[in-house]
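Could you walk me through this structure in the viewer? I am new to it and would like to know what to select next and what is there.

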Amino acid sequence: MQTFYTDVLSIGAGLAGERVAIEAAGAGFDAICLSIVPARRSHSSAAQGGMQAALGNSAMGEGDSTDVHFLDTVKGSDWGCDQEVARIFCENAPIAMRQMAHWGVPWNRVVGGKGFYFKGGERFEKFEKPENEGLITARNFGGTAKWRTCYTSDGTGHTVLYTMDNRAAQMGVQVHDKVEVISLIQDGKRCMGAVARCLKTGELRVYLAKATLVAAGGFGRIYRESTNAVICDGGAHAAVLDTGVVPLGNMEAVQFHPTGIVPTYILVTEGCRGDGGTLLDVNQERFMNIYEPEKAELASRDVVSRWMMHHIRQGKGVKSPYGEHLWLDIRHLGEEHIRGKLREVDEICQNFLGIDPVQNLIPVKPVQHYSMGGVRTNKDGAAYGLEGLFSAGEAACWDMHGFNRLGGNSLAETVVAGMVVGGKVVEYLQGAEAQFKTSVIEAQVAKDRNRIQRLMDCADGGEDVFAVRRAMQDALQDGVHIFRSHNDLEQAVFQLQEVHERAKKIGLKSNGKGANPELALALKMSGQVKLALCVAYGALKRTESRGSHAREDFPARNDRDWLKRTLATWANEDDDLPTLNYEDATPSFEIPPGDRGYGGGTIIPMDNPPAGKED
Ligand SMILES: Cc1cc2nc3c(=O)[nH]c(=O)nc-3n(C[C@H](O)[C@H](O)[C@H](O)COP(=O)(O)OP(=O)(O)OC[C@H]3O[C@@H](n4cnc5c(N)ncnc54)[C@H](O)[C@@H]3O)c2cc1C
């Protein structure tokens, strides 16, 4: 068995993982990034619309500042975020964006003079200052007071990840791809690295590191309908949960994006609406302007998704063999704009729907898109519960998004957190002694070998892993979606507990040798169901509505009782539910809880008397 030693091991070679590794390499430390796929195929490359930073260069961004970005982010989170972290993020985003330009990202730039833009289907004029010509420009996105989303057409993730990967190679960061982590090596106090499986040969490998970083992205594929790639399935989160001591934060906070195309659920970017696209119903009439007169299609994603589902419930959906949907209309933006600034959207429509968005309406509906929850860290990116373990990017609950992430704030988070957490990892490494306990390493490898052998021998049963996955996805899709209620959530938890029992009895149909996708899935299936239970059970217990967590039986945002973050651990292997604890959402309030200005709904204020004690 191969054993690798390094200073920093990043589980993930997407934007966050590579950015942390670059920071470590820049300080003279060795860094290895692991990835299921080649680094440039990491899911960051799928991001289209852009990333937020308060540069204020464009006409519509004039007057923007890190304070305005901070206010938008806190409001967007429905006051569920850690405000200290949100502040760190907003202050550093402009620096990170300019640094990415320096490293080679070909940002779209301000073109001086008269131009035009669309809002709500109507055309307006704007004037870009000639002296700003050539500066990084921005487009409009949901939930923001200013145009702040820096972009490269609609291939932002692609250009930024390619640039980051070039930089990582220049700095000597090693990437081991087609390698999947299946467990962490830890003794309950310190993390020492990970056990991984080579996806080409099926061999196990040991990676030992002074600092281990979980930068494995989101886990949307635990849902049936998701914009996420198939590799976003939570295998690394499952390994974290299996430690029994590291909590996952706010797992019930799941983002549904308004414009997944039907029926493949591939995303078409919020940039479509940011650039002036509109949502239409079965009668080809706009409706968001009725529900949200000011923000309309550009309210935050949780709000737009809810109104879309509400509108469908009112009988205004378009019936199709794949269920009801609504329309996204970008035709009025014109051919030049669509084929230029929205060219990935154009290609997606042509290749996956067989339609031309210059001429045709795009069928869309809200689908799972982003995981606000993840490995809970402090503001330095250090995971709770294990020394030497860090997390960054979508995998982490750092937690600047609270209960709703603003569009464009995630790509930006990967590079900002990469920079900030990378710096903290370096500080940690500067004082770190390597302490690898052979007994702990051997025990973990033996445990993983035993798991594999039992699956191959069908020692615990012959359950089909793909059927188990489907049952898990169905339970979440049907019970823990945009609108939630006690009965649905209880039913989902119950179903998932049954699925969990089935997952313990999985046996392989194939021989399990070599490059074997069935084994790869079987190894994480039980962990995925545990993640699903963290989502469902956390949602059942949170008796309020906040951001993306909309309880029909508890419609108010309850600041009195629920300005809290859920912390879910899986304390004992035999448990059938996660253990939930809670902590304050934020250590301090720079902006006290208030109204978001969109989305409506009632708020139970912090200083309201406890239930039953009202005068
Ligand atoms: C279609 C789409 C469009 C988006 N558009 C935008 C946008 O315009 N703006 C925005 O702000 N956000 C956007 N997002 C969100 C944003 O792209 C992601 O949140 C972000 O890129 C995640 O980056 P990351 O580095 O955390 O993870 P990723 O880029 O997902 O990288 C994860 C890495 O971990 C590896 N990995 C995973 N599990 C394991 C394992 N067990 N062992 C070893 N390696 C593992 C993967 O191979 C990969 O290298 C979009 C998301 C989607 C799905």
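Start with helices H13 and H15, whose crossing is left-handed. This is a predicted model, so keep that in mind at every stop. Select residues 465-479 for H13 and residues 517-541 for H15: their axes come within 10 Å and cross at roughly 20°. Because of that angle, H13 counts as roughly parallel to H15. Now show the side chains where they meet. On H13, the contact includes Val 465, Val 468, Met 472 and Leu 476; on H15, Leu 521, Met 525, Val 529 and Val 535 are among the residues taking part. Colour the contact by class and you will find 12 nonpolar, two polar and two charged residues.

**Next stop: H1 and H4**

Select 15-26 for H1 and 156-170 for H4. The axes of H1 and H4 come within 10 Å, with a crossing of roughly 30°. That makes H1 roughly parallel to H4, and their crossing is left-handed. From H1, the residues to display are Leu 15, Glu 18, Arg 19, Ala 21 and Ile 22. They meet Val 160, Leu 161, Met 164, Asp 165, Arg 167 and Ala 168 in H4. By class, this contact holds seven nonpolar and four charged residues, with no polar ones.

Before leaving H4, step back to the loop between strand E6 (149-150) and H4, where Ser 153 sits. Ser 153 has a positive phi of about 45°, although it is not a glycine.

**Around the ligand**

H1 and H4 also lead to the ligand: each supplies at least two residues of the shell around it. Which residues come nearest to the ligand? Of the 46 residues around it, pick Gly 12, Gly 14, Ser 44, Gly 217 and Gly 393. Then select helix H11 (409-430), which gives the most to the shell, with five residues. Strand E2 (31-35), strand E8 (179-186) and helix H5 (235-241) also supply at least two residues each. By class, the shell has 21 nonpolar, 23 polar and two charged residues.

**Strands beside E1**

Stay with E2 for a moment and add strand E1, residues 2-11. E1 and E2 run parallel and are joined by four bridges; look for Ile 11, whose bridge partner in E2 is Leu 34. Now add strand E10, residues 204-214, which pairs with E1 in the parallel sense over nine bridges. Here Thr 6 stands opposite Ala 209 in E10.

**A second helix pair: H2 and H3**

Select residues 66-76 for H2 and 83-103 for H3. Their axes come within 9 Å and cross at roughly 140°. H2 and H3 are therefore oblique to each other, and H2 passes H3 in a right-handed crossing. In the contact, H2 contributes Thr 66, His 69, Phe 70, Thr 73 and Val 74, while Gln 83, Ala 86, Arg 87, Cys 90, Glu 91 and Ala 93 come from H3. These residues divide into five nonpolar, four polar and two charged.

**Two open sheets**

For the sheet of four strands, follow the order E12-E15-E14-E13, where the pairing is antiparallel. Strands E12 (254-261) and E13 (278-280) stand at the edges with a single partner strand each, so one side of each is left without a neighbour in the sheet. On average, neighbouring strands of this sheet are turned by 45° against each other, direction ignored. Inside the sheet, select E14 (residues 326-329) and E15 (residues 362-371), which run antiparallel and are joined by three bridges. Trp 327 has Pro 363 as its bridge partner in E15.

Follow the chain on from E12 into the loop between E12 and helix H6 (271-274), where you will find Pro 263. A cis peptide bond joins Val 262 and Pro 263, with omega about 15°.

The other open sheet has five strands in the order E18-E16-E11-E22-E23, with mixed pairing. Which strands stand at the edges? They are E18 (396-397) and E23 (579-584); each has a single partner strand, so one side of each is left without a neighbour in the sheet. For your last selection, take E11 (residues 248-249) and E22 (residues 564-569), which run antiparallel and are joined by two bridges. Gly 249 has Leu 567 as its bridge partner in E22.

Conventions: Residues are numbered from 1 along each chain as its sequence is written. This is a predicted model: local features need pLDDT of at least 70, side-chain atom pairs count only at pLDDT 80 or more; totals for chains, interfaces and linings use all residues. A residue is near a molecule or strand if its C-beta atom, placed from the backbone, lies within 6 Å of it. Ala, Val, Leu, Ile, Met, Phe, Trp, Tyr, Cys and Pro count as nonpolar, Asp, Glu, Lys and Arg as charged, and the others, Gly among them, as polar. Axes are lines fitted to C-alpha atoms, for helices over the stretch in contact, and angles run from 0 to 180 degrees between N-to-C directions. Angles under 35 degrees count as roughly parallel, over 145 as roughly antiparallel, 65 to 115 as roughly perpendicular and the rest as oblique. A crossing is left-handed if the near helix is turned anticlockwise from the far one by less than a right angle, and right-handed if clockwise. Two residues are in contact if their C-beta atoms, placed from the backbone, lie within 7 Å. Two strands pair if DSSP finds at least two bridges between them.
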